[in-house]
Amino acid sequence: MPIRRPLLLLVQAALLCCAVLLLAVDVPVLAQRTGESYRPVDTIAAHARSMVNEGRQTFRYETFGDQAFWTGTLQIHKALATVSPRTALAVGLKVDSDALPQDVLHAIRRGRVNLDDPAVTAALLKLNAVVGVQGTFAPDGRLTTAAISCALCHSTVDNSVAPGIGKRLDGWANRDLDVGTIINLAPDLSAVASLLGVDEPTVRTVLKSWGPGRFDAELFLDGKAFRPDGKAAAVLIPPAFGLAGVNLHTYTGWGSVTYWNAFVANLEMHGQGNFHDARLNDPAKFPVAARAGFADVKNDVDLITPKLAALEFYQLAMPAPPPPTGSFNAAAAQRGKLVFSSAGCANCHVPPLYTEPGHNLHTPDEIGIDGFQAERSPEGGYRTTPLKGLWSHAKGGFYHDGRFATLDDVVNHYDGTFSLHLSASEKADLVQYLKSL
Ligand code: HEC
Ligand code: HEC
């Protein structure tokens with residue numbers, strides 16, 4: 001039957017056409033019904049939004065189970081229960097005004113809150129208002145656990161209610177925070193002492209040496225507490241904003257954002273997770289880490305790894321804050337931009353990232369400083385610091401250890417190291433440019 005087959009094909013084709021037509025008709029009808037033009041759901045943008053929301057929660061509030069260390073081992077909750085809000089603010093802890101009810105805000109504004117009463121600190125913790133410190137409470141109101149999140153060091157507030165009290169500024173370096181003094185409040189530091197292989201008074205002396213805005217992540221790997229010149233080995237807390245597009249992170253280029261997040265959550269905050277870095281299995285360079293088995297951390301319950309993707313996403317989404325109007329001289333900054341190029345600054349601090357697209361590490365000699373901190377990292381170099389938002393972390397100084405108190409000092413250092421012979425006005429313009437980033 002030679003005719004049948006083409007006929008069947010024809011019928012099939014006709015049916016297909018109808019189906020396509022039906023679909024085509026159906027779409028505008030649907031769109032009309034909902035009153036919107038038809039657009040496929042943008043799954044990527046929706047995903048980005050949910051990652052940012054999840055990452056923000058993690059960055060602000062997640063402790064990764066680190067209360068086991070901060071409460072179980074160090075018993076920091078016992079110390080916090082005796083700390084007045086005045087002391088808490090003095091050691092640089094910040095209060096998130098969005099977490100406070102209106103009547104409490106009014107009372108604070110009118111000076112009617114007793115800042116010398118530790119019960120007020122407990123009330124703030126209960127409201128989840130102390131940035132980066134998470135507490136849990138017994139039914140009788142006692143603080144039973146305390147733990148920390150990333151926001152402790154990498155957030156501050158805008159002081160809109162009172163000094164230290166205001167809206168959160170995620171990603172900003174908290175250069176007021178005296179981490180050493182806070183850890184020193186803990187009644188039991190024997191675990192830290194035995195990790196480092198020293199006695200407890202030594203640990204307390206080291207913590208006291210840090211000062212505001214500083215922390216020493218490498219201490220718990222190499223046990224080096226002081227630089228050869230006798231000063232504390234701690235480095236300045238950097239911002240966690242403006243990191244998208246930057247290859248290596250930390251002052252000494254340990255790895256990517258997500259590498260360092262896993263490192264910090266496991267090894268510094270003492271959360272419960274998994275971590276792997278064979279570079280730490282080096283008893284000569286990292287005696288503490290090698291002894292403690294930090295190269296390969298395994299926990300049956302992993303509270304960290306599932307959080308890493310969104311946490312990184314959130315950090316990459318945080319823009320560097322623009323400088324406040326009037327905080328720099330615009331005409332001078334415009335001239336300074338040319339100096340930034342002609343003096344060779346832009347060779348390493350390549351705009352608009354202000355670090356090298358590519359492998360952004362340098363030897364200590366290249367930037368004219370000693371190699372102490374560089375040699376404490378696996379890579380042995382210094383990472384070109386991305387400069388956007390520089391104005392927001394001037395407190396504590398510049399370079400990893402704050403060795404240059406002002407931007408003028410930084411510029412004078414480069415002028416000498418690179419034999420630039422900049423004139424006084426070129427230097428001043430360059431400083432204004434740095435302030436404008
Ligand atoms: C106790 C304070 C403290 C806490 C808590 C902390 N950090 Fe940091 N963070 C630092 C310091 C100090 C450095 C600089 C380390 C270095 O270079 O040696 C740093 C470096 C970084 C960097 C590199 C920034 C850059 O410019 O490359 C990122 C990213 C970062 N931290 C993210 C986090 C995240 C995410 C968390 C939570 C999982 C966290 N940090 C918890 C103090 C802290
Ligand atoms: C060879 C590459 C290189 C060149 C050229 C260079 N820098 Fe840097 N810059 C670095 C590195 C690496 C660091 C980090 C140093 C540290 O933290 O110890 C840095 C740090 C800085 C900082 C401190 C940032 C902070 O947050 O503390 C400033 C400011 C700065 N550079 C400005 C300049 C200016 C201005 C010039 C030109 C006169 C310049 N740089 C030239 C590599 C370079």
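Helices in this account are DSSP runs of H or I with at least four residues, and they are numbered from the N terminus. In this predicted model, helix α13 is followed by His270, whose phi is positive, near 65°. The briefing covers the surroundings of two ligands, two helix crossings, a β-hairpin and several individual residues. Helix α13 gives the most to the shell around ligand 1, whereas α19 provides the largest share of the shell around ligand 2.

**Surroundings of ligand 1**

- Ligand 1 has 26 residues around it, and those that come nearest are Cys150, Cys153, His249, Thr250 and Tyr251.
- At least two residues of this shell come from each of α8 (151–154), α13 (257–268) and α15 (305–317).
- The contribution of α13 to the shell around ligand 1 amounts to 5 residues, the most given by any element.
- By class, the shell around ligand 1 holds 19 nonpolar, 6 polar and 1 charged residues.

**Helix α13**

- The buried residues in α13 include Val257, Trp260, Asn261 and Ala262.
- Phe263, Ala265, Asn266 and Leu267 are also among the buried residues of α13.
- These buried residues of α13 pack against two helices, α12 and α15, and against the strands β9 (275–276) and β10 (296–297).

**Surroundings of ligand 2**

- Around ligand 2 there are 26 residues, of which Cys345, Cys348, Phe398, His400 and Tyr414 are the closest.
- Two or more residues of this shell are given by each of α17 (345–348), α18 (364–367), β12 (382–383), α19 (407–417) and α20 (424–435).
- Helix α19 supplies 4 residues, the largest share of the shell around ligand 2.
- The shell around ligand 2 divides into 17 nonpolar, 7 polar and 2 charged residues.

**Crossing of α2 and α15**

- Helix α15, which contributes to the shell around ligand 1, also meets α2: the two axes come within 7 Å and cross at roughly 95°.
- Helices α2 and α15 are therefore roughly perpendicular to each other, as angles of 65 to 115 degrees count as such.
- On the α2 side, the contact is made by Met51, Val52, Glu54, Gly55, Arg56, Thr58 and Phe59.
- On the α15 side, the contact is made by Lys307, Ala310, Leu311, Phe313, Tyr314 and Ala317.
- The contact of α2 with α15 comprises 8 nonpolar, 2 polar and 3 charged residues.

**Crossing of α16 and α20**

- Helix α20, which contributes to the shell around ligand 2, is crossed by helix α16 (residues 330–342) at roughly 105°, with the axes coming within 7 Å.
- The crossing angle makes α16 roughly perpendicular to α20.
- Ala332, Ala333, Arg335, Gly336, Lys337, Val339 and Phe340 of α16 meet Glu426, Ala428, Asp429, Leu430, Gln432 and Tyr433 of α20.
- This contact of α16 with α20 has 7 nonpolar, 2 polar and 4 charged residues.

**Hairpin of β2 and β3**

- Strands β2 (residues 133–137) and β3 (residues 143–148) pair in the antiparallel sense, with 5 bridges.
- Within this pairing, Thr136 stands opposite Thr145 in β3.
- The two strands form a hairpin with 5 residues between them, and Gly141 in the turn has a positive phi of about 95°.

**Loop residues and backbone features**

- Phe64 lies in the loop between α2 (43–61) and α3 (67–73).
- The phi of Phe64 is near 55°, a positive value in a residue other than glycine.
- Phe64 counts as buried because 24 other C-beta atoms lie within 10 Å, and the cut-off is 20 or more.
- The loop between α17 and β11 (361–362) contains Pro352, which is joined to Pro351 by a cis peptide bond with omega of about 0°.
- Tyr354 is found in the loop between α17 and β11, and its phi is near 60°, a positive value in a residue other than glycine.
- Tyr354 is buried, as 24 other C-beta atoms lie within 10 Å.
- Ala233 occupies the loop between α12 (219–222) and β8 (235–236), and is buried, with 21 other C-beta atoms within 10 Å.
- Leaving aside residues up to four places away in sequence, Ala233 touches Asp216, Leu219, Lys224, Ala225, Phe226 and Arg227.
- Ala233 and Phe372 are 139 residues apart along the chain, and their C-alpha atoms are separated by 8.9 Å.

Conventions: Residues numbered from 1 in each chain as written. Chains lettered and ligands numbered in written order. Predicted model: local features only at pLDDT ≥ 70, side-chain atom pairs only at ≥ 80, totals over all residues. Pairing = 2+ DSSP bridges. Near = placed C-beta within 6 Å. Nonpolar A, V, L, I, M, F, W, Y, C, P; charged D, E, K, R; others polar. Axes fitted to C-alpha atoms, helices over the stretch in contact; angles between N-to-C directions. Parallel < 35°, antiparallel > 145°, perpendicular 65-115°, else oblique. Contact = placed C-beta atoms within 7 Å. Buried ≥ 20, exposed ≤ 12 C-beta atoms within 10 Å, placed from the backbone.
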